[in-house]
Amino acid sequence: MLLLTPVLVAVICILMVWIFKNADGSTERRKGEPGAEAHPWVDEDLKDSTDVHQEEAAPPIESSIASSSSVDFHSSLNRTEAEETRKTVEAGRCKDKFSVEADEWQESEEEVEHIPFSHNRYPEKEMVKRSQEFYELLNKRRSVRFISNEQVPMEVIDNVIKAAGTAPSGAHTEPWTFVVVKDPDVKHKIREIIEEEEEINYLKRMGPRWVTDLKKFRTNWIKEYLDTAPVLILIFKQVHGFSANGKKKIHYYNEISVSIACGILLAALQNAGLVTVTTTPLNCGPRLRVLLNRPTNEKLLMLLPVGYPSEDATVPNLARKTLDQIMVTV
């Protein structure tokens with residue numbers, strides 16, 4: 001037995017090394033698997049790449065070189081010649097790729113007529129008065145989660161969305177789509193999708209710090225207002241557009257542009273006497289896009305339930321930052 005002890009020790013050591021090596025390999029493989037758990041702060045909506053058609057995998061550069069000639073490069077070419085040939089093939093491939101991409105995208109308009117600008121200038125006292133009244137109006141805006149089922153005039157919804165559509169946008173591409181949902185069945189399906197994902201968000205994706213920060217608002221994954229609000233407005237950003245001939249149009253700064261439009265929409269709703277709560281349902285975008293039959297170039301940015309506040313509506317007693325906390329004058 002004493003003679004076998006060193007042999008047994010060696011066998012055990014070899015087994016341990018083999019086990020750890022395979023464990024590391026399986027961990028690396030799991031990291032690359034599509035089903036690997038995402039970082040809790042990453043919104044899967046941003047990964048909604050269903051509009052990206054997978055291109056056929058191109059063969060490696062070395063394979064392209066080898067197939068272009070019967071010469072054995074390893075034996076007939078020195079390193080310099082092989083490298084120059086590789087660069088030539090690679091440059092040709094990039095040129096072909098960019099040519100194809102250029103054909104897919106629409107050239108922008110070169111000429112647009114410019115016209116005189118019409119401007120209303122107010123006396124200074126009226127400017128101060130109007131700016132103060134506008135501030136006081138918006139300072140009453142609150143995020144309201146208790147919304148009545150009382151119907152609202154559709155003309156008002158039309159007007160506030162037209163107001164949102166006046167927002168500036170990168171190269172005037174206007175990369176927004178406002179989907180207005182009134183149908184009770186569709187609203188309920190939206191609620192089911194959001195509550196299913198939100199439960200996962202609260203329990204897994206968001207993490208304890210985020211959930212703790214939301215406790216003062218008394219929120220959870222139950223979103224009754226998605227059923228009770230007479231109107232849901234889902235705002236989609238168009239990551240690119242299409243011209244009349246079917247070519248793609250670049251939408252510059254599409255997310256910033258649509259976010260500005262959302263801000264104007266919130267102000268317009270407040271001005272009309274309606275309430276809402278800004279919601280950005282984490283990881284719900286792709287399913288909602290399919291439900292609402294939106295094209296793949298549109299990604300959900302925000303969802304607004306819109307209506308009148310319910311009689312028993314409450315809001316957290318919060319204070320906004322003062323002017324000296326948000327403004328710096330240079």
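This section describes a three-stranded sheet and the helices around it in a predicted model.

The sheet is open, and its strands run in the order E1-E2-E5. Pairing is antiparallel. E1 and E5 form the edges, since each pairs on one side only. From one strand to the next, the twist averages 20 degrees. Helix H6 packs on this sheet and touches E1, E2 and E5. The direction of H6 makes about 165 degrees with that of E1.

Strand E2 covers residues 231-238. Its antiparallel pairing with E5 extends over eight bridges. Two positions illustrate the register. Leu-234 stands opposite Leu-303 in E5. Ile-235 has Met-302 of E5 as its bridge partner. In a regular strand, side chains alternate between the two faces of the sheet. Strand E5 spans residues 298-306 and is mostly covered. Of its nine residues, nine are buried.

Helix H10 comprises residues 254-272. At 1.5 Å a residue, its 19 residues should span 27 Å. The C-alpha atoms at its ends lie 27 Å apart, which agrees with that expectation. Just after H10, Gly-273 adopts a positive phi of about 85 degrees.

The buried residues of H10 begin with Asn-254, Ser-257, Val-258, Ala-261 and Cys-262. They continue with Leu-265, Leu-266, Ala-267, Ala-268, Leu-269 and Gln-270. An α-helix has 3.6 residues a turn, so residues three or four places apart point the same way. The buried residues of H10 pack against two helices, H5 and H6 (154-164). They also pack against strands E1 (176-181), E2 and E5. H10 thus shares with H6 a contact to each of E1, E2 and E5.

Helix H5, residues 124-139, packs against H10 at an angle of about 90 degrees. Their axes are 9 Å apart. The angle makes H5 roughly perpendicular to H10. On the H5 side, the contact involves Phe-134, Leu-137 and Leu-138. These residues meet Ala-267, Gln-270 and Asn-271 of H10. By class, the contact holds four nonpolar residues, two polar and no charged. Ala-267 and Gln-270, both in this contact, are also among the buried residues of H10.

Notes. Residues are numbered from 1 along each chain as its sequence is written. This is a predicted model: local features need pLDDT of at least 70, side-chain atom pairs count only at pLDDT 80 or more; totals for chains, interfaces and linings use all residues. Side-chain values use heavy atoms; hydrogens and water are left out. Axes are lines fitted to C-alpha atoms, for helices over the stretch in contact, and angles run from 0 to 180 degrees between N-to-C directions. Helices (H or I, at least four residues) and strands (E, at least two) are DSSP runs, numbered from the N terminus. Angles under 35 degrees count as roughly parallel, over 145 as roughly antiparallel, 65 to 115 as roughly perpendicular and the rest as oblique. Contact means heavy atoms within 4.5 Å. Ala, Val, Leu, Ile, Met, Phe, Trp, Tyr, Cys and Pro count as nonpolar, Asp, Glu, Lys and Arg as charged, and the others, Gly among them, as polar. Buried means under 20% relative accessible area, exposed over 50%, partly exposed in between (1.4 Å probe, protein chains only). Two strands pair if DSSP finds at least two bridges between them. The expected span of a helix is 1.5 Å times one less than its number of residues.
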